[in-house]
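Here are some short exercises for you to try with the model open on your screen. Work through each task first, then compare your steps with the solution.

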Amino acid sequence: MTDIHDFGDHFHDECGVVGVWGHPEAATLCHLGLHALQHRGQEGAGIVSAQGRELYAHRGRGLVADVFADEESVARLVGNRAVGHVRYSTAGTSDLRNVQPLQVEFAGQKIAVSHNGNLVNARSLKAELENEGAIFHATSDTEIIVHLIARSKQKSFMNKVVDAMGRVEGAWSLLFLTPDVLVAARDPMGFRPLVLGRGLNGAWVVASETCALDLIEATYERDVEPGELVLIDDLGLTSFHPFPQSPRSQCVFEYLYFARPDTSLWSRDVYSVRLRLGERLAAEQPADVDIVIPVPDSGVSAALGFANALGLPFHLGLMRNHYVGRSFIEPTQKIRDFGVKLKLNPVPGLLKGKRVAVVDDSLVRGTTCAKIVRMLRKAGVAEVHLRIAAPPTTGPCFYGIDTPTRGELIASSNTVKEIGHYVGADTIGYLSIAGMHQAVHDDEGGYCDACFSGRYPLEPRGDDAVDQLGLFDV
Ligand code: SF4
């Protein structure tokens with residue numbers, strides 16, 4: 001998703017995966033699925049298909065439409081089974097070597113891997129493997145998984161995968177494709193989503209989000225459960241639960257921002273959850289204003305919920321330019337807040353003289369928000385009341401979300417009042433952690449909220465802890 005938050009004032013999306021088994025146009029369906037998952041990663045995309053004993057691949061840097069601009073690039077990916085990936089680099093650099101699906105061959109076994117998530121013991125495992133002579137080609141932590149599979153003493157591919165995944169810790173929603181099988185796996189804590197569907201001709205489809213199933217007219221069957229490995233081959237689907245049970249830690253931020261609003265996530269519509277986040281925010285942090293406006297696009301649903309709950313008019317007071325790419329030429333004469341202005345412009349006739357509540361889904365560094373407040377004041381807004389449909393973001397994520405270091409998070413070292421002063425708002429109000437859990441219907445626990453609460457379900461240790469704090473590149 002190219003969004004106002006691309007200017008660096010937001011947690012970044014992670015990666016998206018899709019796999020198809022048993023359809024003559026498997027690569028085409030993967031291609032469409034990747035378009036639906038584009039919001040989960042814009043730095044690279046790829047698809048690997050299988051036919052006979054061969055794998056066929058195409059991958060590149062950039063958006064799905066650019067990587068697969070040439071029709072032949074998909075047509076060449078023959079076979080009735082395929083996996084795809086969109087990437088945002090959470091671990092490893094963003095060069096082509098890290099674009100997935102990762103593809104390897106060892107002892108005559110060809111494998112392609114698509115990974116969404118981050119390992120918290122990547123650095124120590126990598127050091128151990130290098131000591132034993134392993135040579136790494138890319139810098140992403142997914143390659144560690146492949147090395148562990150290659151070194152496993154188990155006989156079958158499935159047992160090798162179980163062996164390898166028993167050694168890694170962290171977040172992994174994974175797809176493995178060989179000429180013979182498609183394996184879908186989700187870590188025991190279930191940080192990242194992974195869903196299973198049935199497509200045209202009875203094909204199996206596995207994807208990060210249900211919006212990918214919708215596009216290719218596949219029906220949602222069920223989630224891949226935390227700790228489950230699903231093996232799909234020509235005989236059908238077999239489910240395994242080889243790992244010890246762990247408490248669930250599904251990422252609550254998927255509801256707040258990462259997942260698409262039209263996705264159904266962990267049995268709830270993301271859109272409805274975001275409305276509820278806005279309603280809870282209104283109950284906890286009401287504002288005496290004339291109108292409510294969202295920061296587009298990610299603040300829209302929460303702003304609607306906020307406005308409805310308070311009986312206030314909702315307006316699109318900030319207009320987004322949808323046609324701005326990711327790179328642009330800066331004018332030589334510096335225009336203040338140029339980057340944000342290129343993307344967003346206030347509607348002066350609507351805003352002039354009004355007391356306005358501005359609703360956003362989260363606040364990370366505060367820099368973009370400060371620019372938006374300045375723009376609104378310049379457009380003649382009488383009062384700006386900032387409302388955030390999430391609690392203060394106080395810590396980084398170790399589980400597959402690209403976050404700034406703790407020091408860059410404005411809420412890690414400033415009070416709410418200080419943040420309000422920094423961004424220049426008349427008042428500021430955040431949703432409480434309890435309110436957030438209520439909004440996501442979290443009656444039994446089961447969600448990770450570590451970047452808000454500091455309660456990390458899996459702490460990186462030793463060198464990995466140093467690495468996760470951004471001192472090393474993996
Ligand atoms: S730390 Fe935050 S972003 Fe990371 S998994 Fe937990 S809730 Fe999600």
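**Exercise 1. Find the loop that holds Asn201, and decide whether this residue is buried or exposed.**

Solution. Start with strand E9 (195-198) and strand E10 (204-207): Asn201 sits in the loop between them. Keep in mind that this is a predicted model. Next, look at the backbone: phi of Asn201 is near 60 degrees, a positive value in a residue that is not glycine. Finally, count neighbours. A residue is exposed if 12 or fewer other C-beta atoms lie within 10 Å of its own. Asn201 has 10 C-beta neighbours inside 10 Å, so it counts as exposed.

**Exercise 2. Do the same for Ser267: where is it, and is it buried or exposed?**

Solution. Ser267 lies in the loop between strand E15 (264-265) and strand E16 (268-269). Its phi is positive, about 75 degrees, although Ser267 is not a glycine. With 7 C-beta neighbours inside 10 Å, Ser267 counts as exposed.

**Exercise 3. Work out why helix H1 is described as largely enclosed.**

Solution. Helix H1 covers residues 26-36. Now list its buried residues: Ala26, Ala27, Leu29, Cys30, His31, Leu32, Gly33, Leu34 and Ala36. That makes 9 of the 11 residues, so the helix is largely enclosed by the rest of the structure.

**Exercise 4. Give the strand order of the open sheet that contains E17, and say which strands stand at its edges.**

Solution. The order is E17-E20-E21-E22, with parallel pairing. Strand E17 (291-294) and strand E22 (427-430) each have a single partner strand, so they stand at the edges, with one side of each left without a neighbour in the sheet. From one strand to the next, the twist averages 20 degrees. Inside the sheet, strand E20 (residues 355-360) and strand E21 (residues 383-388) pair over 6 bridges; Ala357 has His385 in E21 as its bridge partner. Helix H10 (residues 300-310) packs on the sheet and touches E17, E20 and E21.

**Exercise 5. Which residues are joined by cis peptide bonds in the loop after E4 and in the loop after E17?**

Solution. Between strand E4 (81-87) and strand E5 (102-106), the loop contains Pro101, which a cis peptide bond joins to Gln100, with omega about 5 degrees. Between E17 and H10, the loop contains Asp297. The peptide bond from Pro296 to Asp297 is cis too, with omega near -5 degrees.

How values were computed. Residues are numbered from 1 along each chain as its sequence is written. This is a predicted model: local features need pLDDT of at least 70, side-chain atom pairs count only at pLDDT 80 or more; totals for chains, interfaces and linings use all residues. Two strands pair if DSSP finds at least two bridges between them. Helices (H or I, at least four residues) and strands (E, at least two) are DSSP runs, numbered from the N terminus. Axes are lines fitted to C-alpha atoms, for helices over the stretch in contact, and angles run from 0 to 180 degrees between N-to-C directions. Two residues are in contact if their C-beta atoms, placed from the backbone, lie within 7 Å. A residue is buried if 20 or more other C-beta atoms lie within 10 Å of its own, exposed if 12 or fewer, and partly exposed in between; C-beta atoms are placed from the backbone.
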